[in-house]
Structures are given as structure tokens and as C-alpha cells.
Amino acid sequence: MNLDNSTDNTQFNERDVTQMDNNEGAVIASQAKKQRRGVRWIASTAVVGFAALAVPMPGSSVAQATSVPAGAGVQCTTTAAGSAAGTSNFLLVAEQGYISTPDGNSIAMWSYRNANGGFQYPGPVMCVNEGDVVTVTLENHLGVNTSIDFLGEEGVTADGAPIQPEFSGLALVSRIQSAAAGSSITYSFTASNAGTYTYQSGTDAELQRQMGLAGVMIVRPATANQVYGGANGGLTKYTPGREFVHMLSEIDPDLHLAVENGATTYDMTKYRARYFMINGRSFPDTLAPAGAAWLPNQPYDSLVRVKPEDIAVVRYANFSNDVYPFHPHGNHETSLGQDGRQLVDPVTGKSLGLEKFATVVVPGGTVEATFTWNDVDYKSEANLAKLPQIGNRTDGGFWSGSPLLGGPVGLGKPGEVTENQCGEFYHVAHSHALFQATNYGASGGGMLTLVRIDAPNATC
């Protein structure tokens with residue numbers, strides 16, 4: 001399968017995840033030799049491809065709530081008890097925990113967690129309404145000062161006073177007032193504009209954001225199932241239940257090991273990302289259900305799931321210092337807005353959203369994009385899809401062998417077992433900087449997930 005051909009509707013199959021041809025730009029998985037320098041290695045865990053097994057991590061919390069089916073959509077963190085109408089109150093805790101990677105590593109992380117939940121990475125997806133007064137109290141359980149910087153929000157206060165930077169002599173140490181170790185601070189602002197926003201540490205931001213102190217806040221307009229409200233909100237409609245979040249990040253395990261061992265600074269000229277993640281997971285963990293018990297500290301999945309004619313919206317956020325060009329197969333995406341502002345001509349009211357081969361997300365930035373599936377070949381017996389050549393496919397785990405979306409299972413070659421009982425198809429979605437589709441150098445991992453296309457009348 002050629003990753004560079006976004007109009008190629010060849011069905012995804014297991015062979016595509018188990019071999020990689022960099023000359024063709026295809027995601028594939030070769031058994032590249034993995035370096036493990038600077039990583040806490042769990043020798044007792046053997047992980048190969050889809051057979052990834054998780055073991056308890058040092059300091060890991062109890063498992064999250066019952067898992068939610070992969071592709072079920074955004075998982076919002078509820079506001080704290082006592083939040084009155086027009087207000088959204090949250091209590092977050094900054095602390096250290098551990099996450100796992102598909103190759104069996106355990107990495108020390110810092111992150112924000114909901115006060116009544118376990119450690120998680122990334123931070124909670126906070127969903128509020130446009131016009132809400134948002135109050136976020138941060139308890140600092142780390143050994144250093146930290147803070148929350150709400151990018152794109154105006155009029156933020158800290159303990160009731162307008163936010164101000166903090167200095168050590170002439171050196172800027174925090175963009176916003178911070179909480180000392182063992183203390184707390186309360187931030188407040190009015191969510192004035194619908195859209196998608198990142199929040200992250202504003203204290204020693206380069207280091208602390210890399211350590212994991214980041215999350216997403218979604219501000220919803222008054223009208224349901226729209227990204228933006230107002231006169232042009234109708235341009236941003238999406239199908240109910242088809243809302244997804246892709247929080248993009250990367251990890252240099254050497255940096256994390258140094259901080260775990262007590263370092264308070266790191267020479268960023270030595271920085272080298274080894275793991276690339278969507279919602280705090282690397283492929284194939286990206287496909288596990290939300291709240292999967294074997295990923296107790298990584299609660300969010302990243303499978304986008306649609307039916308023909310659906311309009312899905314994917315909210316992208318970038319937690320790193322690098323630019324990510326994210327590309328789905330099958331169909332292009334159309335950008336709606338970025339950094340909490342709709343892309344629209346202020347004079348004509350015409351949407352300025354563009355159909356793009358890759359959605360480019362800049363550091364600290366957000367983008368909303370729609371994805372639709374409208375290829376009749378996948379749902380009409382009168383228009384049979386052209387099957388890939390037999391040498392280019394493996395009927396089984398991600399394809400029933402049927403030429404039709406929703407076709408019957410059991411059409412594979414003798415000896416092959418079909419698993420997609422609903423007759424669905426899968427397409428790759430990944431960072432188009434292909435070195436980011438790796439796990440510590442091993443191809444066929446990292447910032448990679450799937451888009452699931454269900455049959456029009458599918459019930460499973």
C-alpha cells in the first residue's frame with residue numbers, strides 16, 4: 001500500500017503493518033534493530049507486532065473505568081461537583097507516573113490528572129461550553145514549580161490576579177504564575193471562543209511539556225455537533241457521535257530517564273525523539289479501546305470510525321517542538337479552523353477551509369478537520385470495487401475478503417480467518433514524516449492509527 005497516494009482506496013490488511021518499504025513511502029513493519037539506550041527496559045515482556053502485552057508499571061495507578069469501544073469518539077472529563085450553570089470547574093493534579101510502549105518499555109512521565117482519577121497521559125480532555133467561566137485548580141505533587149498555561153485564552157487570572165510571567169533575575173522561568181511543590185494555584189477565565197485549545201505547563205515549558213504536562217480543552221458552541229458557533233457555525237457541522245481528538249507528541253527517553261534520576265535541567269542539543277504518539281500511545285496501542293485495562297495510564301484511543309456520508313471531525317493538537325503533517329488514506333481531510341478560530345472570509349462568509357493531503361499541526365497549535373467517506377464502490381453491488389492483486393493483500397484481520405463494504409465474511413482464501421465480522425474496511429492514518437511512524441527506530445509503529453469505514457447499515 002502506498003502511503004503517498006491518498007486517493008488509493010486499497011483496503012488495509014495485516015501485511016501492510018508488518019512490512020515497510022521506505023522507498024514507496026508505505027507503512028509497513030520491518031524488524032528494525034532497536035536501540036534501548038536510556039530506557040527502563042522490562043526484560044520479562046516479549047512484544048511482537050499485534051501481540052503486545054502489558055505488565056504493571058512502577059508507580060502505575062489502578063486501571064481506568066471500563067473500556068470504551070475503540071472509535072467511540074472523544075472522552076470528555078466531567079466538571080467537578082458543584083459546577084453551576086455557566087461555570088466549569090476542574091481540579092487537576094500534577095504528578096509523576098509511568099506509561100508503556102509497544103516494545104515493552106516503561107517511561108517516567110509527568111502529567112495532569114483529574115483529582116478523582118488515576119495518573120494519565122495526556123492530561124484530561126476538558127470539555128466546556130462557550131461563555132462558561134472556567135476555573136481550574138492545580139495541585140502540584142511534583143518536586144519542582146509548575147503551572148498551567150491556557151494557550152489562546154484571554155483574561156486568565158491566577159488566584160484572582162491577572163497572570164504575569166515569573167523571572168529569576170533576568171531569566172524568564174515561567175510564562176504564568178506557578179505553584180510551588182506541595183502547593184496549589186487556581187486559574188480562571190471565560191471561554192469566549194468555541195474551538196480546540198491546548199493547555200500545558202508554562203514553567204520551564206520546553207522541559208516540562210516534553211515530560212508530559214499537556215492536554216486539550218474543547219470549547220463547544222451553543223449548537224450541538226458544530227465545531228464553531230455564530231453566523232458561520234453551520235459550515236462546521238459534523239455527524240453526532242463522530243468527534244475525535246488526536247493529541248500528537250513525542251518522547252526522548254534519555255531526557256525522561258535523566259529527570260527520573262533527579263535532573264532538573266537537560267541539554268536540549270542532545271534531544272532526540274524515539275517514540276511518537278497519538279493520544280499518549282504508539283501504534284498498535286493506538287487501536288486499543290479507550291480505558292483499556294492493559295494501558296491503565298494511557299486512557300485514550302485514536303481510531304476514527306465513520307460510515308459512508310458521515311461527517312467526522314478530528315481535533316488535532318501538537319504537544320511538541322516539531323511540526324506534524326498528519327495524513328489519512330482513502331480521502332483527504334478539509335480544515336475548518338485552527339487555534340480556536342474558524343477559517344472563514346469575514347466579508348463573504350465563505351469557508352476558507354481547504355481540502356488537504358496532510359493536516360499540518362504546528363507546535364502548541366490546534367487544527368480541526370472533517371473527514372467524510374462517500375465512495376459508492378464500497379456500498380453498492382452495482383459498483384464493485386476493484387480488488388487488489390492477490391500478492392498485495394492478506395485476507396484476514398482487517399479485511400473480510402469481500403469486494404463490498406459490508407459484504408459477508410468468510411470469503412478469504414482457505415486457511416485464513418476473518419475477524420472484521422461487520423464487513424468494515426480500514427485505512428491507514430499517520431504522520432507523513434515517516435520516521436515518526438516508528439517505535440525506537442522500528443518501522444510500523446509510532447504516530448500511526450487507522451480509520452474504520454463501517455457499512456451504511458452496520459449495527460456492530
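How many of the six residues of strand E12, residues 195-200, are buried? Six of the six, so the strand is largely enclosed by the rest of the structure. Before I go on, remember that this is a predicted model.

Okay, let's look at the two faces of E12. In general, side chains in a regular strand alternate between the two faces of the sheet. Here, Gly-195, Tyr-197 and Tyr-199 sit on one side, Thr-196, Thr-198 and Gln-200 on the other, and they are all buried, so to speak of cover, both faces have it. By buried I mean under 20% relative accessible area.

Now, the partners of E12. Strand E6, residues 149-150, runs antiparallel to E12 and is joined to it by two bridges. If you want a spot to look at, find Asp-149, which stands opposite Gln-200 of E12. Then there's strand E13, residues 214-220, also paired with E12 in the antiparallel sense, over six bridges. There, Tyr-199 has Gly-215 of E13 as its bridge partner.

Let's move to another sheet. This one is open, with five strands in the order E16-E27-E24-E18-E22, and the pairing is mixed. At the edges you have E16, 304-306, and E22, 359-361; each has a single partner strand, so one side of each is left without a neighbour in the sheet. Ignoring direction, neighbouring strands in this sheet are turned by 20° against each other on average.

And what joins E16 to E27, residues 448-453? Three bridges, with the two strands running parallel. Within that pairing, Arg-305 has Arg-452 in E27 as its bridge partner.

Terms used
Residues are numbered from 1 along each chain as its sequence is written. This is a predicted model: local features need pLDDT of at least 70, side-chain atom pairs count only at pLDDT 80 or more; totals for chains, interfaces and linings use all residues. Side-chain values use heavy atoms; hydrogens and water are left out. Buried means under 20% relative accessible area, exposed over 50%, partly exposed in between (1.4 Å probe, protein chains only). Helices (H or I, at least four residues) and strands (E, at least two) are DSSP runs, numbered from the N terminus. Two strands pair if DSSP finds at least two bridges between them. Axes are lines fitted to C-alpha atoms, for helices over the stretch in contact, and angles run from 0 to 180 degrees between N-to-C directions.
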